[in-house]
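Colleague: I would like to go through this structure with you. Could we begin with how its interior is put together?

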Amino acid sequence: MVKKLLIISSDNTGHGHKSITESLNEKLKLDTNIEVKVVDGFSLGGSFLMKIGKSYGPITRMSENLWKMVFNFSANNPELINKFIENLIKDTFLNILMEEKPDLILSVHPNFNGSILNILEKHSTKIPFFVLIADLVNISPLWADKRVDYTICPTMEARDKCIEYGIPVERLKVLGFPVRSRFFRDSTNKKVSYSGGEPLKCLIMSGGEGVGNMLNIAELLLDHFACHVKIVAGRNKKLKSMLEESLSGKYGEKVEIFGFTENIQDLMFDSDIAFTRGSPNVMFEAISSNTPIIITGALPGQEEDNPYFAESLNLGVICKGTNEIKGMITELLANEAEKLKNIIDCQKNYIKPEVADEIIQFLLEVESRSERKLQLA
């Protein structure tokens, strides 16, 4: 019997929710017994809610302090946020339920958990509801709702935070952070550790929104090391133009500048070091590609402890300011790049290519148990 899965995601609030959904979808498409419908949660609320979703990029690019205020307000007022979104999405969501008749619902965005559960409750509709947390350490209360059948956590830190919010431990499952399969190396593309004697290949990126001090990082690298630098400016077209104007004439073929790219895994595979901010999906994609990361910052709120999470597991190192870059690279490359190789080894031991498969299997097992209980009732 074909099972119908409804996934609530987002295409506009960064790229993380979308990439997680894609990592699950590429596995789900291989199973003919599962039918998937993906909905952008912000689209359920019409043009007004879509404008709110699309404001994430401009806010995080232009004012981290403003974003911190937005994050803190939503974290301190989860019931207000849930009620506000419920009123905006209820009619469209109920129509989707009527049309799709899903057997289970999975949310990968915190803004829609409480609101959808409110709607289901008020219409006496019982459908197994799961939450897949897309953050690592700093978990907003919007992720944690006691009515959820199961909350799937990427880390023990996320699990512990959910317990603090009152989620019963038996309703929590730690399975890891799902990453799209193309970011994992295969037998034809094994990692080769840098051992000197040729230019260091550096990748500078900061997620889909293109934020961060990319220009200064690139100049420091190119002025002090024999290296080739590739920069990904993401969707930030102004940043891309500025970088091209500032760097291309001065450094020529030593630097390449890209906009948003679908094949960023190829850039990671070809790099000895990646400079990135603390975006969970970007960090985990780089780690999965077995590329040592230097973390140059993080958004306040949900990302602020991500760099320390990575450093504690020796998956990367934290750079608190561009003045540290020269000494940090020198230290990583010392003794035939011993510290760089240690990071590569830790990444190899940490990465789990099977996370997406395990999440899907868990969803189906829980749904099957729920169905058997209904049959016996």
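Modeller: A term is needed beforehand: a nonpolar core is a set of buried Ala, Val, Leu, Ile, Met, Phe, Trp, Tyr and Cys residues joined through side-chain atoms within 4.5 Å. Please also keep in mind that this is a predicted model.

Colleague: How many residues has the largest nonpolar core, and which have the most contacts inside it?

Modeller: The largest nonpolar core has 78 residues. Phe-93, Ile-105, Leu-106 and Met-205 are those with the most contacts within that core. Helix α14, residues 355–376, supplies the largest share of this core, with 7 residues.

Colleague: Is there another core apart from that one, and which residues are among its members?

Modeller: Another core, of 33 residues, lies apart from it; Cys-202, Tyr-251, Met-328 and Leu-340 are among its members. As general background, nonpolar side chains tend to be buried together in soluble globular proteins.

Colleague: Back to Met-205. What does Met-205 touch?

Modeller: Leaving out residues up to four places away in sequence, Met-205 touches Met-214, Val-232, Ile-264, Met-268, Ala-274, Phe-275, Thr-276, Arg-277, Val-282 and Ala-286.

Colleague: Val-282 and Ala-286 belong to α11, I believe. How many residues of α11 are buried?

Modeller: In α11, 9 of the 9 residues are buried, so this helix is largely enclosed by the rest of the structure. The buried residues are Pro-280, Asn-281, Val-282, Met-283, Phe-284, Glu-285, Ala-286, Ile-287 and Ser-288.

Colleague: Against which elements do they pack?

Modeller: The buried residues of α11 pack against the helices α1 (16–28), α10 (264–269), α12 (306–312) and α13 (325–350), and against the strands β10 (273–276) and β11 (293–295). After α11 comes Asn-290, with a positive phi near 65°.

Colleague: Now the aromatic rings. How many aromatic pairs are there?

Modeller: The count comes to 7 aromatic pairs. In one of them, the ring centres of Tyr-150 and Phe-362 are 5.0 Å apart and the planes are at 85°; planes over 60 degrees apart count as edge-to-face, so this pair is edge-to-face. Tyr-150 in strand β5 and Phe-362 in helix α14 are 212 residues apart, and the pair thus links distant parts of the chain.

Colleague: Are Tyr-150 and Phe-362 buried or exposed?

Modeller: Both Tyr-150 and Phe-362 are buried.

Colleague: And why does the pair of Phe-177 and Phe-284 count as stacked?

Modeller: The ring planes of Phe-177 and Phe-284 are at 25°, with centres 4.8 Å apart, and planes under 30 degrees apart count as stacked, so the pair is stacked. Phe-177 is in the loop between β6 (172–174) and β7 (200–204), whereas Phe-284 is in helix α11, 107 residues apart from it. Phe-177 and Phe-284 are buried. Ring pairs also link Phe-177, Phe-284, Phe-309 and Tyr-350 into a cluster.

Colleague: A change of topic: at what angle do helix α5 and helix α6 pack?

Modeller: Helix α5 (residues 78–100) and helix α6 (residues 113–122) pack at about 60°, and their axes are 8 Å apart. The two helices are therefore oblique to each other. Their crossing is right-handed. Residues of α5 in the contact include Ile-85, Ile-89, Phe-93 and Leu-97, and those of α6 include Ile-116, Ile-119 and Leu-120.

Colleague: Which backbone angles should I look at, beginning with phi of Lys-101?

Modeller: Lys-101 has phi near 45°, a positive value in a residue other than glycine. Lys-101 is placed in the loop between α5 and β3 (104–107), and with a relative accessible area of 58% Lys-101 is exposed. Ala-337 also has a positive phi, near 60°. Ala-337 lies in helix α13, and is buried, with a relative accessible area of 2%.

Colleague: Last topic, the loops. Where does Ser-140 lie, and what does Ser-140 touch?

Modeller: Ser-140 lies in the loop between β4 (129–132) and β5 (150–153). Ser-140 counts as buried because its relative accessibility is 5%. Not counting residues up to four places away in sequence, Ser-140 touches Phe-71, Ala-75 and Tyr-165.

Colleague: And where is Gly-321 found?

Modeller: Gly-321 is in the loop between β12 (316–318) and α13. Its relative accessibility is 18%, and the limit is under 20%, so Gly-321 counts as buried. A distance of 9.5 Å separates the C-alpha atoms of Gly-321 and Ile-217, which are 104 residues apart along the chain.

How values were computed:
Residues numbered from 1 in each chain as written. Predicted model: local features only at pLDDT ≥ 70, side-chain atom pairs only at ≥ 80, totals over all residues. Heavy atoms only, no water. Buried < 20%, exposed > 50% of the residue type's maximum accessible area, 1.4 Å probe, protein only. Helix = DSSP H or I, 4+ residues; strand = E, 2+ residues; numbered from the N terminus. Contact = heavy atoms within 4.5 Å. Phe/Tyr/Trp six-rings, centres within 6.5 Å; stacked < 30°, edge-to-face > 60°. Axes fitted to C-alpha atoms, helices over the stretch in contact; angles between N-to-C directions. Parallel < 35°, antiparallel > 145°, perpendicular 65-115°, else oblique. Left-handed = near helix turned anticlockwise from the far one by under 90°.
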